[in-house]
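Grab a pencil and open the viewer. Below are some short exercises, each followed by a solution that goes step by step.

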Amino acid sequence: MKSMESDIIKVASMYYEEGLTQAEIARQRGVSRSLIAKYLKEAKDLGIVEVVIKSESIYTARLERALERQYHLKNAIVVDTQDLQAAEVGKRVSQRAALYLHDIIDSYTRIGISWGNSLRRMVDSFPYMNHSEAELIPLIGGLSDDYFDIQSNQLCYELARKMRATAKYLYAPALVSNGVIRRELANNRAIQSVLSEGSEVELALVGISSLDQETNMRNIGYVDNQQFQELQQQGAVGVINSRFYDEAGQELNNEINQSVLGITLNDLRAIPQVMTVVVGDQKLHAIEVALRTGMINMIVTTNTIAEQLTQKD
């Protein structure tokens, strides 16, 4: 036993103090790499080695890893909002999202974007770069004189400009008066082409809102108070890309969803990478459903939301 403990200590010293790799240690000692890995694990289990991470970021890093494991995410980024004023929180999260997007966007040539305030702030914070091979595609219509700056076409234009990329535009309203008109517009060749391309992007950028927090659609006039009450009765818990979904993450089968000119939530689930930027603890349930049911696999959010999400079963 003493001999084995001595071997464990020696291997741990070579690995942690001398900086040798497991393969180098195995070659020097004439044993298998798997045995070296076993010794290093035992060094931790026996308390011979204690690993201490010295960084203020460990708090958010652990929340990120917990989110990634619990919801099977590609990546989670958590912004510590301690000491931030409420007005600063959204800005700080969007800035972090913009920097992360800047780091990864070279890997994608077809990028779709929805609409909303959080995406607007992210685009505003996005640094200029040269990614001329990329194409930005709107995931939903949005012609309207009001709130023009948060709509999909405008966000596509401005993000493409900052990337020196190209942009497509969906010249149609996000929501029409009924499903019949929606089907007629969707049969238009130009509109159909953009919708098809939107469903085939490699990276989608979307926002999430809860039913009671979805004020943009009310302000623009797409949905009135009576319709929101009906949505609540039908079990709506959240909205992504102007599509209302229930506890199971399924689109509600109602006239509003059938009148949206944009990709569906099933289209969204088929996109390899779907990133959201979301703040506001009131949206917690809508976020949890979106993560749990596989609509989102990358999230940038606050520590308060992350803490509550990781406490859920």
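Before we start, one cut-off: a residue is buried when its relative accessible area is under 20%, exposed when it is over 50%, and partly exposed in between. Keep in mind too that this is a predicted model.

**Exercise 1. Getting your bearings**

Task: Find how many helices and strands the protein chain has, and what share of its residues count as buried.

Solution:
- Step 1. Go through the secondary structure: the protein chain has 15 helices and ten strands.
- Step 2. Turn to burial. The protein chain has 313 residues, and 50% of them count as buried.
- Step 3. For the overall dimensions, put a box around the C-alpha atoms along the principal axes; the box comes out at roughly 80 × 45 × 35 Å.

**Exercise 2. A salt bridge across the sequence**

Task: Work out which parts of the chain the salt bridge between Arg110 and Glu202 ties together, and classify Glu202 as buried, partly exposed or exposed.

Solution:
- Step 1. Look at the pair: the side chains of Arg110 and Glu202 meet in a salt bridge, with N to O at 4.0 Å.
- Step 2. Place both partners. Arg110 sits in strand β2 (residues 110-113) and Glu202 in the loop between α9 (189-198) and β5 (203-206), so this pair ties together parts that are 92 residues apart in sequence.
- Step 3. Use the cut-off. Glu202 has a relative accessible area of 22%, so Glu202 is partly exposed.
- Step 4. Do the same for the partner: Arg110, at 32% relative accessibility, counts as partly exposed.

**Exercise 3. More salt bridges**

Task: Say how many salt bridges a search of the whole structure finds, then look at some of the pairs.

Solution:
- Step 1. The search finds ten salt bridges.
- Step 2. One pair is Arg292 and Glu288, whose closest N and O atoms are 2.8 Å apart. Both residues lie in helix α14, four residues apart, which is about one turn of the helix.
- Step 3. Check their burial: Arg292 counts as partly exposed at 40%, whereas Glu288 counts as buried at 7%.
- Step 4. Another pair is Arg243 and Glu251, with a N to O distance of 3.4 Å. Here Arg243 is buried at 3% relative accessibility, while Glu251 is partly exposed at 25%.
- Step 5. Look for a network as well: salt bridges link Arg120, Asp124 and Glu158.

**Exercise 4. How helices cross**

Task: Describe how helix α15 packs against α4 and against α14, giving angle and handedness.

Solution:
- Step 1. Start with α4 and α15 (residues 303-310): their axes are 10 Å apart and they pack at an angle of about 45°. The two helices are therefore oblique to each other.
- Step 2. Add the handedness: the crossing of α4 and α15 is left-handed.
- Step 3. Now take α14 (residues 284-292) and α15, whose axes come within 10 Å and cross at roughly 60°. That makes α14 oblique to α15.
- Step 4. The crossing of α14 and α15 is right-handed.

**Exercise 5. Positive phi**

Task: Look up phi for His72 and Asn241, then decide whether each residue is buried or exposed.

Solution:
- Step 1. Recall the background: most residues other than glycine have a negative phi.
- Step 2. His72 has a positive phi, near 55°, and Asn241 also has a positive phi, near 55°.
- Step 3. Locate them. His72 is in the loop between α4 and β1 (75-79), and Asn241 is in the loop between β7 (238-240) and β8 (243-245).
- Step 4. Compare with the cut-off: His72, at 68%, counts as exposed, but Asn241, at 5%, counts as buried.

**Exercise 6. Three isoleucines**

Task: Find which residues make a nonpolar surface patch with Ile48, and then place Ile299.

Solution:
- Step 1. The patch is made by Ile9, Leu46 and Ile48, and has an area of about 250 Å².
- Step 2. Ile48 lies in the loop between α3 (33-45) and α4 (58-71), and is partly exposed at 34%.
- Step 3. Ile299 is in strand β10 (residues 298-302) and counts as buried at 2%.
- Step 4. Try a distance: the C-alpha atoms of Ile299 and Ile287 are 9.6 Å apart, and the two residues are twelve residues apart along the chain.

Note on methods:
Residues are numbered from 1 along each chain as its sequence is written. This is a predicted model: local features need pLDDT of at least 70, side-chain atom pairs count only at pLDDT 80 or more; totals for chains, interfaces and linings use all residues. Side-chain values use heavy atoms; hydrogens and water are left out. Patches are made of residues with over 30% relative accessible area and no salt bridge: like charges are joined within 9 Å, nonpolar side chains (Val, Leu, Ile, Met, Phe, Trp, Tyr) within 5 Å. Accessible areas come from the Shrake-Rupley method with a 1.4 Å probe; for residues, only the protein chains shown count as cover. Buried means under 20% relative accessible area, exposed over 50%, partly exposed in between (1.4 Å probe, protein chains only). Axes are lines fitted to C-alpha atoms, for helices over the stretch in contact, and angles run from 0 to 180 degrees between N-to-C directions. Angles under 35 degrees count as roughly parallel, over 145 as roughly antiparallel, 65 to 115 as roughly perpendicular and the rest as oblique. A crossing is left-handed if the near helix is turned anticlockwise from the far one by less than a right angle, and right-handed if clockwise.
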